[in-house]
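Me: Hi! I'm new to this one and would love a quick tour. Could you walk me through it?

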Amino acid sequence: MTPPDDCLARNEWICGEYLSTRRRILLDAVLQHLELTAVSVLIGLAIALPLAVAARRWGVAAGPVLAVTTVLYTIPSLAMFSLLLPVYGLSATLVVAGLVLYSLTLLVRNILTGLRAVPDETRQAARGMGYGPIRLLLTVELPLALPAAMAGLRIATVSAVSLVTVGAIVGFGGLGNLIYAGMNTYFKAQVLTASVLCVVIAVAADVLLLGVQRLLTPWTRAGRA
């Protein structure tokens, strides 16, 4: 017989018993959530960087690149996953592909903004010192564009943490799986716990990336001081 003080039996929103009895389930969901987020953002960054560099080098490419990535961002998440379903099927790859496409708008736009903000005098001085295009990009332009690029990376990461939950419709949503199942069964503790963990992951990721940004751009702190 269930004890009268069992918060699971009473289906309460806040329930320590849920945390202790579902620890493994929660851990697996968190790890899947983190994996889907990290892989999506890293692939998005790998695609966005050359796109932004190309848009900066050849101005005629900037309009089409920004237009396409913006259109992709306006597609509702359910519609996006439905469009990708024939290609990737019901798999984690489907979720990753959708998140990559969503991240491109934020990453390309911010990286391009950072590259455009590099003073022309700085470029001319570097060229005068014998810097070729690749060396100029790697040692001058990208470091100076880093604050804007990191801002875009932070927004894209937090956005991905949120959008991963939509992957629950195909069974690969990390904590979204628990939220979706909990809502279907009105399991209050599961819905609240998984939702809070999503918020914690988003805040922690943003704080971590902000710390990385400050470590990589010490000159910005010196400028403010």
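What follows is a short chat about pockets, a surface patch and salt bridges.

Reply: Happy to! One thing to keep in mind is that this is a predicted model.

Me: Good to know. How much space lies in the largest pocket?

Reply: The largest pocket holds about 300 Å³ of space. It is lined by 13 residues, and those closest to its centre are Thr-37, Ala-38, Thr-157, Ala-205 and Leu-209.

Me: Which helices supply at least two residues of that lining?

Reply: Three helices do so: helix 2 (23–57), helix 7 (133–164) and helix 9 (188–216).

Me: And what is the lining of the largest pocket like by class?

Reply: Eleven of its residues are nonpolar and two are polar, while none are charged.

Me: OK, next pocket. What volume does the second largest one have?

Reply: The second largest pocket has a volume of about 160 Å³. Helix 2 and helix 7 are the elements that give two or more residues to its lining.

Me: Which helix gives the largest share there?

Reply: That is helix 7, with seven residues of the lining. The residues lining the second largest pocket include Leu-45, Leu-49, Ile-111, Pro-143 and Met-150. By class, its lining has ten nonpolar residues, with no polar and no charged ones.

Me: Let's move to the outside. Which residues make the nonpolar surface patch?

Reply: The patch of about 600 Å² is made by Trp-13, Ile-14, Tyr-186, Leu-192, Val-196 and Val-200.

Me: Where does Trp-13 lie?

Reply: Trp-13 is in the segment before helix 1 (16–21). With a relative accessible area of 41%, Trp-13 counts as partly exposed.

Me: Changing topic: how many salt bridges does the structure hold?

Reply: There are five salt bridges. One of them joins Arg-24 and Asp-28, whose closest N and O atoms are 2.9 Å apart.

Me: How far apart are Arg-24 and Asp-28 along helix 2?

Reply: They are four residues apart in helix 2, so about one helical turn separates them.

Me: Is Arg-24 buried or exposed?

Reply: Arg-24 is exposed, at 54% relative accessible area. Its partner Asp-28 is partly exposed, at 39%.

Me: What about the salt bridge of Glu-141?

Reply: Glu-141 pairs with Arg-57, and their closest N and O atoms are 3.1 Å apart. Because Glu-141 lies in helix 7 and Arg-57 in helix 2, this pair ties together parts that are 84 residues apart in sequence.

Me: And is Glu-141 buried or exposed?

Reply: Glu-141 is buried, with a relative accessible area of 1%. Arg-57, on the other side of the bridge, is partly exposed at 34% relative accessibility.

Me: Which residue forms a salt bridge with Asp-206?

Reply: Its partner is Arg-154, with the closest N and O atoms 2.9 Å apart. Asp-206 is in helix 9 and Arg-154 in helix 7, so the bridge ties together parts 52 residues apart in sequence. Asp-206 counts as partly exposed, with 23% relative accessibility.

Me: Last one! Which residues are joined into one network by salt bridges that share partners?

Reply: Those are Arg-57, Asp-120, Arg-123 and Glu-141. You have already met two of these residues, as Glu-141 and Arg-57 form a salt bridge with each other.

Notes. Residues are numbered from 1 along each chain as its sequence is written. This is a predicted model: local features need pLDDT of at least 70, side-chain atom pairs count only at pLDDT 80 or more; totals for chains, interfaces and linings use all residues. Side-chain values use heavy atoms; hydrogens and water are left out. On a 1 Å grid over the protein atoms alone, a cavity is a set of points where a 1.4 Å probe fits but cannot get out, and a pocket is an open set with protein on both sides within 12 Å along at least five of seven lines; lining residues have an atom within 4 Å of a point. Grid points are joined across faces, edges and corners, and a volume is the space filled by probe spheres set on the points. Ala, Val, Leu, Ile, Met, Phe, Trp, Tyr, Cys and Pro count as nonpolar, Asp, Glu, Lys and Arg as charged, and the others, Gly among them, as polar. Patches are made of residues with over 30% relative accessible area and no salt bridge: like charges are joined within 9 Å, nonpolar side chains (Val, Leu, Ile, Met, Phe, Trp, Tyr) within 5 Å. Accessible areas come from the Shrake-Rupley method with a 1.4 Å probe; for residues, only the protein chains shown count as cover. A salt bridge is a side-chain nitrogen of Lys or Arg within 4 Å of a carboxyl oxygen of Asp or Glu. Buried means under 20% relative accessible area, exposed over 50%, partly exposed in between (1.4 Å probe, protein chains only).
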